[in-house]
Amino acid sequence: MLNRLFSALENTRSSISNAFKGLSGNNISDDNIEQIEEKLLLADIGFDTVENIIKIIKKFKNDNFLNEIKKYLLKELPPKQKLMDNESYPLIIMVVGVNGTGKTTSAAKLAKLYKDLGSNVTLVAADTYRAAAVEQLRVWSKRANTTLVCNEKATEPSAVLFDGLTSALLNDSDIVIVDTAGRLHTYENLMNELEKMHRVSTTRFPQFKVKNIITIDSLLGQNSIVQAEQFNKHVPLDGAILTKLDGTAKGGIVFSLHKKLNLPVQYIGVGEELSDIEIFDPEKYIDGLFGLENNK
Ligand SMILES: Nc1nc2c(ncn2[C@@H]2O[C@H](COP(=O)(O)OP(=O)(O)O)[C@@H](O)[C@H]2O)c(=O)[nH]1
Ligand SMILES: [Mg+2]
């Protein structure tokens with residue numbers, strides 16, 4: 001099967017590998033190094049990580065430095081998460097993040113992913129600001145064959161969440177996936193609302209384990225580090241979904257998220273369809289960035 005992560009990283013990879021072209025043995029010039037540095041930074045592989053990669057290239061120039069880079073980068077990332085095995089149930093996955101980063105789409109994709117793994121999934125449409133988001137979720141929940149809890153008349157996201165969790169308990173759901181409203185981190189009241197939702201889950205429904213996942217739009221680059229930092233001040237983030245990895249040449253943000261915020265990328269979005277989600281695999285990701293073997 002064609003590896004969709006590898007395909008999604010095509011633009012990022014082609015930019016990086018152009019810079020690596022023509023490098024051989026002792027012929028590595030300062031110009032070469034500068035070009036590589038620039039391309040890696042453009043791909044949003046953070047500054048520290050880029051500096052370390054350059055050191056490796058200089059040190060191993062006669063050997064296979066790409067393999068050394070891979071070894072180093074693998075150590076920088078947490079191992080691939082095992083869905084279901086390492087998670088405890090029932091579980092609430094709150095999908096949070098800035099407007100347009102892919103929350104609603106990702107919530108639906110996650111519902112299908114877990115449903116396909118055999119879980120009993122409830123989707124909760126807690127974006128009370130956008131009627132279109134509820135409609136979008138309704139269509140998807142039908143296609144994914146999952147229960148949807150929504151209330152178009154509700155104005156309080158926490159109230160919809162409360163209903164959703166009550167209903168999830170009644171129907172024995174393993175996983176509740178909650179779509180939330182778009183928030184700019186500067187909107188204090190929206191952030192407070194998010195905190196309230198977190199409180200409702202943890203205090204009123206202690207049966208559930210809560211996981212807060214932030215959607216990070218690959219196209220936004222280093223700005224998303226600031227966004228994630230802000231969200232993390234209000235609700236404890238457990239992981240990230242890197243969305244829109246297809247079509248971006250800036251697929252390198254994963255390292256900074258982990259290094260600066262200790263935030264593991266757990267899923268990636270590779271398209272607009274329901275099945276366009278994958279569990280993040282660090283090794284495949286690194287192979288995809290640098291065009292290494294065994295990756296298709
Ligand atoms: N190409 C691509 N588009 C995506 C992906 N995830 C979301 N989108 C698109 O991004 C736009 C915003 O998504 P939406 O889920 O409504 O964002 P929200 O405002 O955070 O809920 C929509 O047009 C989605 O189809 C992805 O992984 N790849
Ligand atoms: Mg939405």
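These legends describe close-up views of a predicted model.

**View 1. The open sheet and its strand order.**
Eight strands form an open sheet in this predicted model. Their order is S3-S2-S4-S1-S5-S6-S7-S8, and the pairing is mixed. S3 and S8 (277–279) are the edge strands, each pairing on one side only. On average, neighbouring strands of the sheet are turned by 25° against each other, direction ignored.

**View 2. Strand S2 and its neighbours.**
S2 spans residues 121–125. Five of the five residues in S2 are buried, so the strand is largely enclosed by the rest of the structure. Where do the side chains of a regular strand go? They alternate between the two faces of the sheet. In S2, Val121, Leu123 and Ala125 lie on one side. Thr122 and Val124 lie on the other. Both faces are covered, and these residues are all buried. S2 runs parallel to S4, joined to it by five bridges. Val124 of this pairing stands opposite Val178 in S4. S2 also runs parallel to S3, here with three bridges. Thr122 stands opposite Thr147 in S3.

**View 3. Helix H7 over the sheet.**
S2, H7 and S3 make a β-α-β unit, and the unit is right-handed. H7 lies across S2, S3 and S4. The helix runs at about 165° to S2. Asn145 sits in the loop between H7 (131–144) and S3 (147–149). Its phi is positive, about 60°, although Asn145 is not a glycine. Is Asn145 buried or exposed? Asn145 counts as exposed, because 11 C-beta neighbours lie inside 10 Å and the cut-off for exposed is 12 or fewer.

**View 4. Strands S1, S5 and S6.**
S1 and S5 run parallel and are joined by six bridges. Leu91 stands opposite Lys209 in S5. S5 and S6 also run parallel, with five bridges between them. Ile213 has Gly239 in S6 as its bridge partner. S5, helix H10 (residues 223–234) and S6 make a right-handed β-α-β unit.

**View 5. Lys244, in the loop after S6.**
Lys244 lies in the loop between S6 (239–243) and helix H11 (254–261). Its phi is near 55°, a positive value in a residue other than glycine. Lys244 is buried, because 25 other C-beta atoms lie within 10 Å and the cut-off for buried is 20 or more.

**View 6. The cis peptide bond before S1.**
Which residues does the cis peptide bond join? The bond joins Tyr89 and Pro90, with omega at about -5°. Pro90 is in the loop between helix H5 (65–76) and strand S1 (91–96).

**View 7. Thr180, in the loop after S4.**
Thr180 lies in the loop between S4 (175–179) and helix H9 (188–204). With 29 C-beta neighbours inside 10 Å, Thr180 counts as buried. Which residues does Thr180 contact, leaving aside its neighbours within four places in sequence? They are Met94, Val95, Val96, Lys103, Ala126, Asp127, Pro157 and Leu194. Thr180 and Lys103 are 77 residues apart along the chain, yet their C-alpha atoms are separated by 7.3 Å.

**View 8. Strands S7 and S8, with helix H6.**
S7 (residues 265–269) and S8 pair in the antiparallel sense over three bridges. Gly269 has Ile277 in S8 as its bridge partner. H6 packs on the sheet. The helix touches S1, S2, S4, S5 (209–217), S6, S7 and S8. The direction of H6 makes about 165° with that of S4.

**View 9. The shell around ligand 1.**
How many residues surround ligand 1? The shell holds 19 residues. The closest are Gly102, Lys103, Thr104, Thr105 and Gly269. Lys103 is also a contact of Thr180, and Gly269 is also the bridge partner of Ile277. Which helix gives the most to the shell? Helix H6 (residues 103–116) does, with three residues. By class, the shell divides into one nonpolar, 13 polar and five charged residues.

Notes: Residues numbered from 1 in each chain as written. Chains lettered and ligands numbered in written order. Predicted model: local features only at pLDDT ≥ 70, side-chain atom pairs only at ≥ 80, totals over all residues. Near = placed C-beta within 6 Å. Helix = DSSP H or I, 4+ residues; strand = E, 2+ residues; numbered from the N terminus. Nonpolar A, V, L, I, M, F, W, Y, C, P; charged D, E, K, R; others polar. Contact = placed C-beta atoms within 7 Å. Pairing = 2+ DSSP bridges. Right-handed = clockwise from strand over helix to strand, strands pointing away. Axes fitted to C-alpha atoms, helices over the stretch in contact; angles between N-to-C directions.
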